[in-house]
Amino acid sequence: MKKIEAIIRRTKFEEVKEALIAADIEWFSYYDVRGEGKMRQARIYRGVMYDTSSIERVLVSIVVREKNVEKTIRAVQKAARTGEIGDGRIFVIPIDDAIRIRTGERGDIALYNAEQEK
């Protein structure tokens with residue numbers, strides 16, 4: 001099992017969500033986050049200077065079985081890409097175990113409903 005975390009532009013979130021659902025990745029969490037990037041600049045709007053180094057993004061967190069790792073990464077990368085600086089990052093983190101609270105099932109089976117695969 002792997003945890004895939006993607007930090008993406010807010011404007012690309014709906015496209016990423018649709019791409020994940022199309023790839024049969026239907027369970028994920030997301031959070032509004034702020035971060036600091038390489039670009040340090042200030043912008044002037046109507047005579048007032050604004051610091052734009054703090055960037056608003058969305059963090060998408062997905063735990064998948066080993067067989068779904070690459071298709072999940074491809075779906076996020078394709079949907080989130082604009083080709084410009086600031087498209088974001090994808091991190092892949094190993095997961096040792098998962099436990100379904102309701103049934104106590106452990107491992108891969110805790111990530112999906114086996115009844116649906118019959």
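The paragraphs below lead through this predicted model, from its sheet to its helices, its core and two single residues. Residues are numbered from 1 along each chain as its sequence is written, and side-chain values use heavy atoms, with hydrogens and water left out. Because the model is predicted, local features need pLDDT of at least 70 and side-chain atom pairs count only at pLDDT 80 or more, while totals for chains, interfaces and linings use all residues.

A good place to begin is the sheet, which is open, has four strands in the order β2-β5-β1-β6, and pairs in the antiparallel sense. Strands here are DSSP runs of E with at least two residues, and helices are runs of H or I with at least four, both numbered from the N terminus; two strands pair if DSSP finds at least two bridges between them. The edge strands are β2 and β6, each of which pairs on one side only, and neighbouring strands are turned by 25° against each other on average, direction ignored. For such angles, axes are lines fitted to C-alpha atoms, for helices over the stretch in contact, and the values run from 0 to 180 degrees between N-to-C directions.

Strand β5, residues 54-64, is joined to β1, residues 2-9, by eight bridges, and eight bridges also join β5 to β2, residues 29-36. Val-58 of β5 is the bridge partner of Ile-8 and also that of Asp-32, while Arg-34 stands opposite Glu-56 of β5.

Two helices pack on this sheet. Helix α1 touches β1, β2 and β5, and its direction makes about 10° with that of β5, whereas α2 touches β1, β5 and β6, with a direction at about 0° to that of β1; contact means heavy atoms within 4.5 Å.

Helix α2 has 12 residues and reaches 17 Å from its first C-alpha to its last, close to the 16 Å expected at 1.5 Å a residue, where the expected span is 1.5 Å times one less than the number of residues. Its buried residues are Val-69, Thr-72, Ile-73, Ala-75, Val-76, Ala-79 and Ala-80, and they lie on the same side of α2 because they cover an arc of only 160° around the axis, taken from the directions from the helix axis to the C-beta atoms. The face turned away from them carries the exposed residues Arg-74 and Lys-78. Buried means under 20% relative accessible area, exposed over 50%, and partly exposed in between, with a 1.4 Å probe and protein chains only.

What does the largest nonpolar core hold? It has 20 residues, of which Ile-8, Val-16, Leu-20, Val-60, Ile-62 and Val-76 touch the most other members; such a core is a set of buried Ala, Val, Leu, Ile, Met, Phe, Trp, Tyr and Cys residues joined through side-chain atoms within 4.5 Å. The elements giving two or more residues to this core are β1, α1, β5 and α2, and α2 gives the most, with six residues.

Two further residues complete the tour. Lys-12, in the loop between β1 and α1, counts as buried because its relative accessibility is 12%, and, leaving aside neighbours within four places in sequence, Lys-12 is in contact with Ala-79, Ala-80, Arg-81 and Thr-82. Asp-108 lies in the segment after β6 and, at 36% relative accessibility, counts as partly exposed. The C-alpha atoms of Asp-108 and Arg-65 are separated by 6.1 Å, although the two residues are 43 residues apart along the chain.
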